[in-house]
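Me: Could you take a close look at one part of this model for me? I'd like to hear about the sheet in the first chain and what sits around it.

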Amino acid sequence: MSINRKQLGALLCVVVVGIAVASTAGAARQGTPGVADHSITIGGTFPFSGPASLYATIAYAEQAYYGYINKTQGGVHGRKIIDITMDDGYNPSTTVTDVKKLVEKDNVFAIVGSLGTAPGLATWGYLNKHQVPQALLATGDAYWGTCIYQAKIPQCNGAKPWTIGWQPDYPAEARQYAKYILSHQSKPKIGVLYQSDDYGKNYLAGLMAGLGSHKKDVIAEQKYTSGSDPAGIQAHILKLKQAGVNTVVIFATPAYAIAALATEGGLHWSPLTMLNNVSANRLFMLAAESKGAMPAGVVSSTYIESQTTQPNLPGMQLAKAIIDSTHNNDLITDFNNGDNNIVYGFASAATAVDALKRAGANPTRASFMHALRSLNETGSNSNPFVYPGMTVKTSATHGFPMQQLKLEKWNGNTHDWKSFGSVINSGH
Amino acid sequence: MERLKAADLGQIVTGAFLLAGAIFLLVGCLESSNFATYTVQGVGVGMTYGSLALALVLIYQATHVINFAQGELAMLTTFIAYQFTKWGLSYWEAFSVTLAIAFVLGTVLQVTVIRPVQHRSVIATVIVTVGLFLVIDGVVNWIWGGQFQTLPLAFGFSSWDVGGVFIEKYYVGMVVVVLVSLTAVWALFRFTKLGLAMRAAALRPAAASLAGVRVDVMLAIGWGLAAVLGAVAGLMTQASPLSSLDPAFMQPVLVYAFAAAALGGLESPAGAVVGGVAIGTFLTLLVGYVPQISSDLQLPLAFAVILVVLLIKPSGLLGRRQVERV
Amino acid sequence: MRGRLPALGSLAVVAVVLAVLPFVLSDYNTYLAAEVGIFFVAVLGLNILTGYTGQISIGHGAFMAIGGYTTAVMSRDHHTNLIVTMLLAFAFCFVVGLLFGLPALRLSGAYLALATFALAISVPLLTDQWSTYLGGTSGVQSSETKSNLWIYGAAWTASAVLFLLAWLILRGRVGRAFRAVRDSEIAATASGVEIGIYKTLAFGISAAFCGVAGALYVMASNGFAQPDEFSVLLSLQLLIGAAVAGLGSLWGVLAGAAFVGLLPNISTSVPVVGNDHGRDVVYGLLVILVMLVLPGGFAGLLARVRSLVRT
């Protein structure tokens, strides 16, 4: 008996339909997405691979914190927190497909703690359109605070009420560096190295705003593309040196910042160097030193506690306990060596849990966003991991949770940061 | 006498051009300290490109296949070296062990994955190497991804101050190590029976087989050697303190190696190495001296080079034109 | 598609399945099915070049990029109707393909592969050069986004239209010329076939198809065009799809499109390797396996099955 083509086709048809039906099993859910009787599912995208993979420990830390809450408090309102993380490799186009999957297939309650300015910008339109919270983004882009209530600037592309950041924003940080340069460098000749996308441009705009009439003191600018070979930074720094600058401002992600510092060391050149705080992790500085950097005197800023210089603070002891309980040796070693991104992850996750609690026993996406826009982690309700005295606060008129900084300088003898001065309000 | 006229004229012109280029570099180094710094850097990274390019050419000469996984294989062996240093071996101990492992890895891959498809379809073989690319990339990311890691520096990070010119020790080290490995491979091909057998197997497989050469074994050994050259390229790329030990680090190098191989001709080993150095110095000098060109443009420039060279001389600078007799 | 339209029965079956699918699938799975449709168009195009004229290209992702950016920029700046942008992408990429095909005539085999590889890497980098207009790494956002269902419809309608177009092209004189070029350039020239014209034409046609696929690809990514969407990996995916498809069969192209469109997304649920990297490993291993077992692609398998079934 021979099978003719029609029958073959029909057979294939049945098979395909069968697969399709099977794959739709469990697709539709009732009620608020991600909220089940005993669990609440959130999701986030992180650079576990790619040019920004040095930030991966933030994701591990956030997951560790949620695990700690699940274990010691049974989760939030009796629901264990399930955190689905996806690797977008710091590649905005991958973030788009990852977020689509998290929202449409995994039905997450909210996107929490995702890392990356460009990834965030690639997905904020979609998330706001579908009214999914894009909460506590792990980037300091100013748009996350500016665009919440209304489309204040054209880059907002419409109001983004479902998006909120967490850390002190980049332009505010850059303004502080401008202030520092003007008060510490008599005849400043500034060279800036920055990433060519919105991340870097955000910083640069803040620096220029902070310099005001001294804008012309920036005599050289070098931009690099994220994803390019870090060894190419050598050429950029050489060009800054050749331009005759006496101050270098670095607005880069870690791999490139490390290369920049290593190049300065290799050239035996020590201009006043300002470094953006997301690349100022002690681990990165140690790596830079191992590659020939001589970063004594480099100035940066911080807003979280340091496990190496402030180990006795209750927050740092809690952090150590949480990290040790993960039994992940690589993570524990990183923590002990001063990987501050772990503390960052804990701090941000603590705010997420705080907001989830205040979203009520039957949380909705709207109640979660409301809680995020009325944060009040002050006084006795302080976030245990942020710098002593700093607050995490938002209100109906103020969309930036953290607005305080402390400047710090790298000490070549202790191989660690030393903060100085008082807590600065970098606010808007 | 006839043969000397046509094809070799092209070779002579190219040779003269290269000689002129070398003289230009030398004079430039003596004139300007910046030029010298750039040249040293260019030759250093150029040698690593040349090493990988040679690996590509070795495989292409033997099997007419472009191995897309060559860069990832080099990257894998570099991570293996990193793992050995974590387990307590010194850098050079890890280096040696890794070269041995690379050889084995190369031969095993040829035997298990390439040999079955080699004769059936060119496109299938190419796709297999692409599949290998994906597998190796995934495996490395799985085992070592997301962690912060650095390979101990082979030559440290300091530089010599030669009359105001900074000559980084690691660039010199790269050149030396690559030269040594290239010389070893050349000597193998030129002076040993094994080398002779391998050359025969690549150029005239039918005749070689009649003469008693195990052609398939020779091909496997060829892949092993190519993997060793790739490992050298990977390890030397990491000898620069500015490189980060990230699973994607060999991808741009593969691109430059392709450019070098295209420039020098896919059938010419010497061409591959010379092509690598040429591309390395050309790009470094260009980025250094032309302000509009940032180092991010290096990749597309390398491509522009490939395209232009292939348009003018479709078989590469030192390659011979394929003439088909009907 | 050896110039012979598959039996009307098979076509009808495919049409019915496609029409019914969105009602049975979840919204997310409809999106995945749309991705398969997008790859169907692209693989169809690449097959014309690689399968029918024997020119290997590892660079057709570049044409997808050009098509995709055409859509995004036209939508952003002129609010052009998205369907119209697909037509624009087709036309524009056809011309660019022809322009690339001309110099490519001088190259063969591995050198052509290298040149197309160069194209694949360079084109996305161009967006950084003209970043004010093309957005650089920040990308370009279209002015409108469409639902998964809409994209599914657009993708499969385009697939049907372009499939018909491909059939019309391949059954005629052009198709015969293509096959003559593939089988023996020497014999073709001797028979009076102007190889240059046909090889260039193949480039143009395949580029145009990939341009449409690129336009749809951007629409499926929330209307967001970004250089990393069109990395070398995409070009490699297309080539894998064409190889898995094999030559001469509608089902083959479907299989190839499903392979590259679905597999990377599905293997996350494979229990042993539940993470992203495991997924890449599994995908790579499958690619190798398929090539080892079926060097002639799915079409080759079908041909063998058919000959077995007939006896």
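Reply: Here's a walk through that sheet, strand by strand, and then the helices around it.

Keep in mind that this is a predicted model. The sheet in chain A is an open one with 4 strands, in the order β2-β1-β3-β4, and the pairing is parallel. At the edges you'll find β2 (80-87) and β4 (134-135) of chain A, each of which pairs on one side only. Further in, strand β1 (residues 39-46) of chain A runs parallel to strand β3 (residues 110-112) of chain A, and 2 bridges join them. If you want a spot to zoom in on there, try I42(A), which stands opposite A110(A) in β3(A).

Now for the helices. Helix α2 (residues 56-73) of chain A packs on the sheet, where it touches β1 and β2 of chain A. Its direction makes about 165 degrees with that of β2(A).

Over by β3 and β4 of chain A, have a look at α14(A): those two strands are among the elements that cover its buried residues, and α13 (340-358) of chain A is another. Which residues of helix α14 (residues 365-372) of chain A are buried? They are R365(A), F368(A), M369(A), A371(A) and L372(A). Because these residues cover an arc of only 160 degrees around the axis, they end up on the same side of α14(A). The general background is handy here: an α-helix has 3.6 residues a turn, so residues three or four places apart point the same way.

How values were computed
Residues are numbered from 1 along each chain as its sequence is written. Chains are lettered from A and ligands numbered from 1 in the order in which they are written. This is a predicted model: local features need pLDDT of at least 70, side-chain atom pairs count only at pLDDT 80 or more; totals for chains, interfaces and linings use all residues. Two strands pair if DSSP finds at least two bridges between them. Two residues are in contact if their C-beta atoms, placed from the backbone, lie within 7 Å. Axes are lines fitted to C-alpha atoms, for helices over the stretch in contact, and angles run from 0 to 180 degrees between N-to-C directions. A residue is buried if 20 or more other C-beta atoms lie within 10 Å of its own, exposed if 12 or fewer, and partly exposed in between; C-beta atoms are placed from the backbone. The arc is that of the directions from the helix axis to the C-beta atoms.
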